Amino acid sequence: LADILSIARTKPFLAAKRLIVIKNIELLVSPQHKEQMLSYAASPSADSVLVLDARVKEKELASSKFLSEISKLSQTICFKKLYDAGLDGWIAKRAALRKKKIDSSACELLRQLKGNNLRTLDGEMEKLSLYAADRPGITAADVRELVGRDISASIYDIIDAISRKDRARAIALTFDIPKKEIGSSVGLFCWNLRLLLNVKERQRSNYPAQKIGE
């Protein structure tokens, strides 16, 4: 922690500000570390932005003396789980980022099938956007076809066959995909390949296994 705070106090090179993120700050147990953290928060560097991430509920923030004291010296933002209308609004914004509109019935069905895990929902929105192709909107029928039936499972099987150099199985599996969905499936195929390439790149960079899993 002393090294991190020393960096925070150092003027950044070729940048106006330095951004430092410390995750799971609630796990800090050493009294010395807590004192160091509070001391820095009381007199922070103007050249750095320090973000402290605590995975606790709002009521736990008030019950912890350390977190309560650090929050008084900080700008505190609570990120609560989204439900119903709030979640629908978030889904609509993710669709808009991909230049698509999603109707309310599609949002409701997507929530029922995938819950309120934002990472999962964002992945589904990317696949649905590819599936919709040139169409401007995403409908409940799209969600039923892609998420409910999960065409992506067939894509995973095809990629698995290719990785094992089993050409016959890979070709045979393509016949399980309806003709009308071949075009959309190419987009999903590329999306899954890109995901695998990202995983390999992070493995080479010694990225934490838990983060790769997420």
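## Getting to know this predicted model

A compact globule of 214 residues would have a radius of gyration near 17 Å, while this predicted protein has 23 Å.

Student: So what does the C-alpha trace span along its principal axes?

Tutor: Start with the radius of gyration, which is 23 Å against the value near 17 Å for a compact globule of 214 residues. Then take the C-alpha trace along its principal axes: the spans are about 65 × 40 × 35 Å.

Student: How many helices and strands are there in the protein?

Tutor: Some of the elements will come up again, such as α7 (118-132) and β2 (48-52). Taking the whole protein, the count is 12 helices and four strands.

Student: What percentage of the 214 residues is buried?

Tutor: Buried here means under 20% relative accessible area. By that cut-off, the buried residues make up 30%.

Student: Which helix gives the largest share of the largest nonpolar core?

Tutor: That core has 27 residues, and Ile91, Ile102, Leu110, Met125, Leu128 and Val143 touch the most other members. Six helices each supply at least two of its residues: α5 (84-97), α6 (104-114), α7 (118-132), α8 (140-148), α9 (151-163) and α10 (167-174). The largest share is five residues, and it comes from α7.

Student: Which residues is Leu128 in contact with, leaving aside its neighbours within four places in sequence?

Tutor: Leu128 is one of the core residues that touch the most other members. With the sequence neighbours set aside, its contacts are Leu110, Ile138, Asp142, Val143, Leu146 and Val147.

Student: And how many residues are in the second, separate core?

Tutor: In soluble globular proteins, nonpolar side chains tend to be buried together. Here the second core includes Ile22, Leu38, Ala41 and Leu61, and its residue count is 14.

Student: Which residues of α6 are buried?

Tutor: α6 covers 104-114 and is one of the helices that supply at least two residues of the largest core. After α6 comes Gly115, whose phi is positive, near 75°. Within the helix itself, the buried residues are Ala106, Cys107, Leu109, Leu110 and Arg111.

Student: Now for the surface: which residues make the nonpolar patch of about 330 Å²?

Tutor: Look at β1 (18-22) and β2 (48-52), as each supplies at least two residues of this patch. The residues that make it are Leu19, Val21, Val49 and Val51.

Student: Is Val49 buried or partly exposed?

Tutor: Val49 is found in strand β2. Partly exposed covers the range between under 20% and over 50% relative accessible area. Because Val49 has 38% relative accessibility, it counts as partly exposed.

Student: How far apart are the closest N and O atoms in the salt bridge of Asp47 with Lys11?

Tutor: A search of the whole structure finds 14 salt bridges. In this one, Asp47 is in the loop between α2 (31-42) and β2, and Lys11 is in the loop between α1 (2-9) and β1, 36 residues apart. Lys11 counts as exposed, at 61% relative accessibility. The closest N and O atoms of the pair are apart by 3.4 Å.

Student: Which residue forms a salt bridge with Arg164?

Tutor: Side chains of opposite charge can pair when their charged atoms come close. Arg164 is exposed, with a relative accessible area of 62%, and its partner is partly exposed, with 29%. The closest N and O atoms are 3.1 Å apart, and the partner is Asp160.

Student: Which residues are linked in a network of salt bridges?

Tutor: Some salt bridges join two residues, like Asp53 with Arg55, where the closest N and O atoms are 2.7 Å apart. The residues linked in the network are Arg94, Arg98, Asp122, Glu126 and Arg194.

Student: Where is Lys99, a residue other than glycine with a positive phi, found in the chain?

Tutor: Leu14 has a positive phi near 60°, and it is found in the loop between α1 and β1. Phi of Lys99 is also near 60°, and Lys99 counts as exposed, at 74% relative accessibility. As for its place, Lys99 lies in the loop between α5 and β3 (101-102).

Note on methods:
Residues are numbered from 1 along each chain as its sequence is written. This is a predicted model: local features need pLDDT of at least 70, side-chain atom pairs count only at pLDDT 80 or more; totals for chains, interfaces and linings use all residues. Side-chain values use heavy atoms; hydrogens and water are left out. Patches are made of residues with over 30% relative accessible area and no salt bridge: like charges are joined within 9 Å, nonpolar side chains (Val, Leu, Ile, Met, Phe, Trp, Tyr) within 5 Å. Accessible areas come from the Shrake-Rupley method with a 1.4 Å probe; for residues, only the protein chains shown count as cover. A salt bridge is a side-chain nitrogen of Lys or Arg within 4 Å of a carboxyl oxygen of Asp or Glu. Buried means under 20% relative accessible area, exposed over 50%, partly exposed in between (1.4 Å probe, protein chains only). A nonpolar core is a set of buried Ala, Val, Leu, Ile, Met, Phe, Trp, Tyr and Cys residues joined through side-chain atoms within 4.5 Å. Contact means heavy atoms within 4.5 Å. The radius of gyration is taken over C-alpha atoms; the globule rule is 2.2 Å times the number of residues to the power 0.38.
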